Amino acid sequence: MKILKIKANGLKLFSDNLDIDFTTLQRVRNEKNEMLHQISSKIYQNNVLAFIGVNASGKTSTLKLISFVIQMIDNEPINKIKCNDILEGISVDDRVDFEVYFSIKSDKLYKLHTTIKKDYIDNKAIEKYTIENENIWMKHINTIITKKSIFDFSDIEPMLVRKGDEEYLPNDISIVISLNKKNNTKIFFNDLVDWTNINLIRVIGDFPQELITFLDSSIEYLRFNVDDLNDAQIDLKEIKLKFKGKKELILYSPLELEKYLSSGTIKGLNVFMSAISSLQKGGYLIVDELENHFNKEIVATLIRLFMNKKINKKGAVLLFSTHYPELLDEFERNDNIYIIKNDHGINVQNLSKLLKRSDLKKSEVYESGYLEGTVPSYESYMAFEKVLCDLKLKEDV
């Protein structure tokens with residue numbers, strides 16, 4: 001399954017209807033499609049989506065929303081999805097609508113419309129989200145004539161309709177589960193948003209020596225001695241860590257690695273191992289504040305892996321947020337960059353709709369303030385400076 005577009009409205013955190021395209025909005029030229037995955041003759045997927053904004057602009061919330069939708073269409077009950085906090089703030093009278101466009105096996109295109117409401121269990125204070133109604137439409141990709149018609153389902157009758165409380169289906173699981181079972185569809189998905197401020201080894205196993213050397217050339221080897229209990233559980237016996245010219249260290253917990261490995265090395269092992277599995281399976285990897293603990297070259301390397309067709313053979317997608325506009329210069333296109341602002345609600349805009357030219361240096365455009373709301377306001381800075389000056393005066397007195 002390939003997600004092509006996500007639309008949402010009714011969310012209290014967001015000021016406008018949210019519209020995120022995984023597909024290209026700008027013209028595709030044959031000589032510049034290195035970072036794209038071709039789904040059909042008219043549909044190209046961006047393999048990297050960047051979300052950039054100042055502090056507290058709503059980058060994390062946007063990534064959580066995408067994560068919520070991916071898990072919802074991957075059969076997860078919406079009440080068990082960790083990031084369902086993006087629904088917070090709605091009342092029993094409110095409704096949240098999601099439209100998700102996706103393809104299965106590259107020959108059929110689907111539109112899923114899901115309406116979610118909030119209920120209370122047995123009139124008690126325990127909140128529960130339920131799916132009020134849903135429809136699914138389908139059309140064959142080879143019937144798409146123009147790019148504008150890709151997401152037009154106006155003349156098509158729904159193929160699946162949720163009819164009240166389905167006896168066979170819990171009211172917090174999407175009806176897309178029937179499609180997934182029929183097509184044996186499963187989304188491979190790595191969400192590292194919750195690990196933004198937790199820098200511990202989350203993967204236990206053998207790391208490629210080339211990756212270890214890339215992250216820290218002073219490490220001779222890092223080995224985990226484990227026993228497999230079953231497919232989902234292992235028993236860690238010991239960890240062997242050796243630096244060049246030093247004696248081997250024997251450790252018994254991943255927590256101990258924090259004493260010897262840099263924060264960048266630990267995050268690198270987590271992120272790159274997740275990236276490897278995503279690339280192998282054509283899945284989705286979400287990373288919040290990608291630049292944390294990394295130098296620019298390591299971040300750029302990760303982005304280039306997903307843009308490289310020789311490595312990214314199955315159309316895996318990297319979605320990341322960042323504060324640093326320099327990372328935008330890795331992109332030739334504008335349509336895989338989203339500018340996020342928070343002015344009485346989170347606003348997410350595709351750069352291609354704000355900036356028509358792709359040849360300009362994106363970091364300079366962003367830092368110039370041309371896009372508005374992309375740099376801290378001058379008035380805020382002056383107010384802060386005045387406070388500091390007043391503090392200095394009080395100390396002198």
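**Exercise 1. In what order do the strands of the open sheet with antiparallel pairing run, and how many are there?**

Before starting, keep in mind that this is a predicted model.

Step 1: Trace the sheet across. You should get six strands in the order 2-1-6-7-8-9, with antiparallel pairing.

Step 2: Look for the strands that pair on one side only. Those edges are strand 2 (18–21) and strand 9 (160–161).

Step 3: Zoom in on one pair. Strand 1 (residues 2–9) and strand 2 run antiparallel and are joined by four bridges. Here lysine 7 stands opposite aspartate 19 of strand 2.

Step 4: Add the helix. Helix 2 (residues 176–183) packs on this sheet and touches strand 6 (96–104), strand 7 (108–120), strand 8 (127–140) and strand 9. The direction of helix 2 makes about 15 degrees with that of strand 6.

**Exercise 2. Work out the layout of the open sheet with mixed pairing, then place helices 1 and 5 on it.**

Step 1: Read off the order, which is 10-14-15-5-16-17 for these six strands.

Step 2: Find the edges. Strand 10 (189–191) and strand 17 (346–350) each pair on one side only. From one strand to the next, the twist averages 15 degrees.

Step 3: Check a parallel pair. Strand 5 (residues 48–52) runs parallel to strand 15 (residues 317–322), with five bridges between them. Valine 48 has leucine 318, in strand 15, as its bridge partner.

Step 4: Lay helix 1 (residues 59–72) over the strands. Helix 1 lies across strands 5, 10, 14, 15, 16 and 17, at about 155 degrees to strand 15.

Step 5: Do likewise for helix 5 (residues 296–307). Helix 5 lies across strand 5, strand 14 and strand 15, and its angle to strand 15 is about 150 degrees.

**Exercise 3. Find the cavity and describe its lining.**

Step 1: Set the cut-off at 30 Å³ or more, and one cavity turns up in the structure. The idea is simple: rolling a probe the size of a water molecule over the atoms shows where empty space is left.

Step 2: Get the volume. The largest cavity holds about 120 Å³ of space.

Step 3: List who lines the largest cavity. Among them are Leu192, Trp195, Asn199, Arg202, Lys267, Asn270, Val287, Asp288 and His293.

Step 4: Sort the full lining by class. You end up with five nonpolar, four polar and three charged residues.

Step 5: Ask which element gives the largest share of that lining. Helix 4 (residues 263–281) does, with three residues.

Technical notes: Residues numbered from 1 in each chain as written. Predicted model: local features only at pLDDT ≥ 70, side-chain atom pairs only at ≥ 80, totals over all residues. Heavy atoms only, no water. 1 Å grid on protein atoms, 1.4 Å probe; cavity = no way out; pocket = protein on both sides within 12 Å on 5 of 7 lines; lining within 4 Å. Points joined across faces, edges and corners; volume = space filled by probe spheres on them. Helix = DSSP H or I, 4+ residues; strand = E, 2+ residues; numbered from the N terminus. Nonpolar A, V, L, I, M, F, W, Y, C, P; charged D, E, K, R; others polar. Pairing = 2+ DSSP bridges. Axes fitted to C-alpha atoms, helices over the stretch in contact; angles between N-to-C directions. Contact = heavy atoms within 4.5 Å.
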